[in-house]
Structure formats: structure tokens, C-alpha cells
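Here's a quick briefing to read with the structure open beside you. It goes through helix packing, aromatic pairs and a handful of individual residues.

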Amino acid sequence: RELTRKYPDVLTKVKQLFFHKIGGFALSQTSPIIIYVYTTLTVVALYGNYMLIVMGVQTLMTAMFNSMNAGIGNLVAEGDKRKIMSVFAELFSIRFLFSCIMCFGVLMITPAFVSFWIGKKYVMDSLSLLLMTAILFVNLSRTTVDAYINAYGLFGDIWAPIVEASLNVILGYYFGLHGVLSGVLISLLLVVFCWKPYYLFRKGLDERLSIYIFMYARHLMAALLCGVIVCLGMRYSMVQGDTTFFDGLLGILVFSILSTLTLLCVAPGMRNLMRRFIRMCHV
């Protein structure tokens with residue numbers, strides 16, 4: 001009771017955070033049930049096979065970058081605005097780069113991998129894979145904003161998980177699997193892509209949202225340009241029409257190198273991170 005009176009915000013923050021966690025669970029874990037309600041058990045099985053790959057990629061990204069979150073909290077506690085924004089740009093660049101590489105890999109090699117793994121009859125249509133990859137991209141690229149939101153304790157928008165968890169039910173009723181996936185993607189774009197950065201820059205960082213918009217635009221245009229170049233190169237260099245597993249791996253390698261070089265040219269955060277890495281290697 002004494003601690004509750006001394007730190008009244010703790011219980012409030014815990015309740016808000018609990019609501020966000022439940023909402024995130026509902027969005028990610030109830031999709032198979034909703035898909036089964038509006039389609040068939042066969043479609044759920046196909047979706048589950050693809051989700052094993054997607055969740056593996058997401059787990060890998062979590063393992064690579066989650067250890068940095070405690071450092072972000074310490075950085076925010078110090079209150080150095082210039083350093084906070086500088087680290088934000090660096091983390092955004094490196095996480096965006098890895099998100100693009102992994103999503104490009106999922107898009108390129110998943111059909112060939114599934115065909116090799118369990119057979120061609122379990123390969124889903126291209127639109128479903130594209131929607132799942134877009135959802136994965138939003139979930140991976142959101143981590144920098146989410147880490148700073150957690151560091152600032154901005155959990156007051158408890159309406160956000162309700163919006164995230166509702167659209168897939170509505171669209172799934174009309175469009176089946178594509179509707180469920182489109183609903184998840186639209187809810188993520190509205191809440192994660194639009195609202196969360198605005199909430200962070202308005203309530204936490206106290207900076208102009210245009211800083212984030214221009215930062216994201218530069219990174220996205222660079223990634224799209226590299227993706228188009230690599231896809232066109234693969235299309236005109238392959239003799240057969242279908243992309244094999246090894247063709248996909250080669251495409252991922254070329255995309256990774258090209259994206260890294262392009263971001264070094266257009267993203268200050270990426271250049272600062274590279275300088276930091278070089279200084280660490282010389283120590």
C-alpha cells in the first residue's frame with residue numbers, strides 16, 4: 001500500500017500494458033480460428049505451414065534486437081535529446097535493413113521451400129503470400145517505435161489493440177482468407193504505421209512527426225528500388241519461369257548488398273551506425 005501511494009502510476013501502467021498484450025495476442029493467435037470459420041480446415045493447414053516460416057523469421061529478429069531495449073530505456077532516462085534522436089535513427093536504419101532482407105527472403109524462397117518441404121500442392125497463391133509478407137514487414141519494422149514507446153511508458157492508447165483485433169473479423173466475413181489477412185494488414189497500417197509514430201513523437205520524443213515521415217520515406221524508397229532491380233534482374237536472367245530455392249538465395253544476397261550500399265548513401269542513421277561499428281572494431 002505504501003508503494004502504491006508512493007508510485008501511483010505503476011498500477012495504471014501495468015493495467016494499460018496488460019490490455020495491449022492481450023490485444024496483440026488476440027490479433028496474432030485468433031487468425032487461424034477466424035480463417036476456419038470463414039473458409040475450410042485445409043486453408044487453415046496451408047496458412048499454418050506458412051506461419052511456421054513467418055514466426056521463425058520474427059523470432060530470429062526478436063532474438064537479434066530485443067537485448068537493446070533495456071539500453072533504450074536507460075538512454076531515455078538520461079534525457080539527452082540529441083543522443084536519443086541519433087540512436088533512434090541508427091536503430092531504425094539497421095532494423096529496417098534487416099526487416100527488408102528477411103521479408104524479401106520470405107517472398108522469394110517460401111514457395112520453393114514449401115514445395116521442397118511438403119509438396120507443391122501445399123503452396124498458397126501469390127496474393128496470400130504477399131499479404132503475409134506485408135504483415136511481417138510491418139511487424140518487424142515497428143520494433144524501433146515500440147521500443148521507444150515502452151521506454152517512455154506510453155500505454156494510454158488502449159483503444160489501439162481493439163482496432164487491431166476487429167478488422168480481420170469484419171473483412172474475413174466477406175473475403176475469406178484474403179479478407180482476414182487484409183484486415184490484419186489494414187489494422188496494422190492504421191495503428192502501427194500511422195498512429196504509433198505520431199503518438200511517440202507527440203507525447204514522448206516531443207519532435208516534429210515530419211522527421212519520422214521523411215526518414216521512413218527515404219528508407220522505403222531505397223528498399224523498393226533495390227527490390228525492383230533485383231526482381232527484374234532475376235526475371236531476365238533465369239531460363240525457367242519459376243524461382244528455385246537457390247535462385248532465391250542468390251537474389252537475397254544481391255538484395256542485401258545493394259540495400260546496404262543504398263542505405264549508406266541515403267540514410268544518415270546508417271552511416272552513423274557504420275562509423276560506430278568501425279570505431280568499435282579499431283578499439
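What follows is a short tour, grouped by topic.

Keep in mind that this is a predicted model. A search of the whole structure turns up 18 aromatic pairs, and one of them, Phe88 with Phe201, bridges parts that sit 113 residues apart in sequence. Helix H8 (residues 143–152) is a good place to start looking, with Thr144, Val145, Asp146, Ala147, Tyr148 and Ile149 buried there.

**Helix packing around H8**

- Helix H5 (residues 69–78) packs on H8 at an angle of about 50°, with the axes 9 Å apart.
- That angle falls outside the parallel, antiparallel and perpendicular classes, and H5 and H8 are therefore oblique to each other; their crossing is right-handed.
- On the H5 side the contact uses Asn69, Ile72, Gly73, Leu75 and Val76, which meet Ala147, Tyr148, Ala151 and Tyr152 of H8. Sorted by class, the residues of the H5 contact with H8 are seven nonpolar, two polar and no charged.
- H6 also packs on H8: the two axes come within 9 Å and cross at roughly 145°.
- From H6, the residues in this contact are Ile84, Val87, Phe88, Leu91, Phe92 and Arg95, and from H8 they are Thr143, Thr144, Val145, Ala147, Tyr148 and Tyr152. The tally for H6 with H8 is nine nonpolar, two polar and one charged.
- Just after H8 comes Gly153, with a positive phi near 70°.

**The H3–H4 pair**

- Helix H3 (residues 31–38) and helix H4 (residues 41–65) have axes that come within 8 Å and cross at roughly 150°.
- Angles over 145 degrees count as roughly antiparallel, and H3 and H4 are therefore roughly antiparallel to each other. Their crossing is right-handed.
- Ser31, Pro32, Ile35 and Tyr36 of H3 touch Leu41, Val43, Val44 and Tyr47 of H4. Those residues split into seven nonpolar, one polar and no charged.

**Aromatic rings**

- How are the rings of Phe88 and Phe201 arranged? They're edge-to-face, 5.7 Å centre to centre with 85° between the planes.
- Phe88 belongs to helix H6 (residues 81–118) and Phe201 to helix H9 (residues 159–204), so the pair ties together parts that are 113 residues apart in sequence. Both Phe88 and Phe201 are buried.
- For Phe113 and Trp117, the ring centres are 5.8 Å apart and the planes lie at 35°, so this pair is tilted.
- Phe113 and Trp117 both sit in helix H6, four residues apart, or about one turn of the helix. An α-helix has 3.6 residues a turn, so residues three or four places apart point the same way.
- Both of these residues land in the partly exposed class: Phe113 has a relative accessible area of 33%, and Trp117 has 39%.
- Ring pairs also link up a cluster made of Phe88, Phe92, Phe96, Phe137, Tyr148, Phe193, Phe201, Tyr212 and Tyr216.
- Several cluster members appear elsewhere in this briefing: Phe88 and Phe92 of H6, along with Tyr148 of H8, are part of the H6–H8 contact.

**Lys196 in H9**

- Lys196 is found in helix H9. Is Lys196 buried or exposed? At 6% relative accessibility, Lys196 counts as buried, since buried means under 20%.
- Leaving out residues up to four places away in sequence, Lys196 touches His20, Val145, Ile149, Asp157 and Val191. Val145 and Ile149 are themselves among the buried residues of H8.

**Loop residues worth a look**

- Gly156 sits in the loop between H8 and H9 and is partly exposed, with a relative accessible area of 38%.
- The C-alpha atoms of Gly156 and His20 are 9.5 Å from each other, with their positions 136 residues apart along the chain.
- Not counting residues up to four places away in sequence, Gly156 touches Gln16 and Tyr199.
- Asp206 is in the loop between H9 and helix H10 (209–237). Its phi is near 55°, a positive value in a residue other than glycine.
- Most residues other than glycine have a negative phi.
- With 58% relative accessibility, Asp206 counts as exposed.

Notes: Residues are numbered from 1 along each chain as its sequence is written. This is a predicted model: local features need pLDDT of at least 70, side-chain atom pairs count only at pLDDT 80 or more; totals for chains, interfaces and linings use all residues. Side-chain values use heavy atoms; hydrogens and water are left out. Axes are lines fitted to C-alpha atoms, for helices over the stretch in contact, and angles run from 0 to 180 degrees between N-to-C directions. Helices (H or I, at least four residues) and strands (E, at least two) are DSSP runs, numbered from the N terminus. Angles under 35 degrees count as roughly parallel, over 145 as roughly antiparallel, 65 to 115 as roughly perpendicular and the rest as oblique. A crossing is left-handed if the near helix is turned anticlockwise from the far one by less than a right angle, and right-handed if clockwise. Contact means heavy atoms within 4.5 Å. Ala, Val, Leu, Ile, Met, Phe, Trp, Tyr, Cys and Pro count as nonpolar, Asp, Glu, Lys and Arg as charged, and the others, Gly among them, as polar. Rings of Phe, Tyr and Trp (its six-membered ring) pair if their centres lie within 6.5 Å; planes under 30 degrees apart count as stacked, over 60 as edge-to-face and the rest as tilted. Buried means under 20% relative accessible area, exposed over 50%, partly exposed in between (1.4 Å probe, protein chains only).
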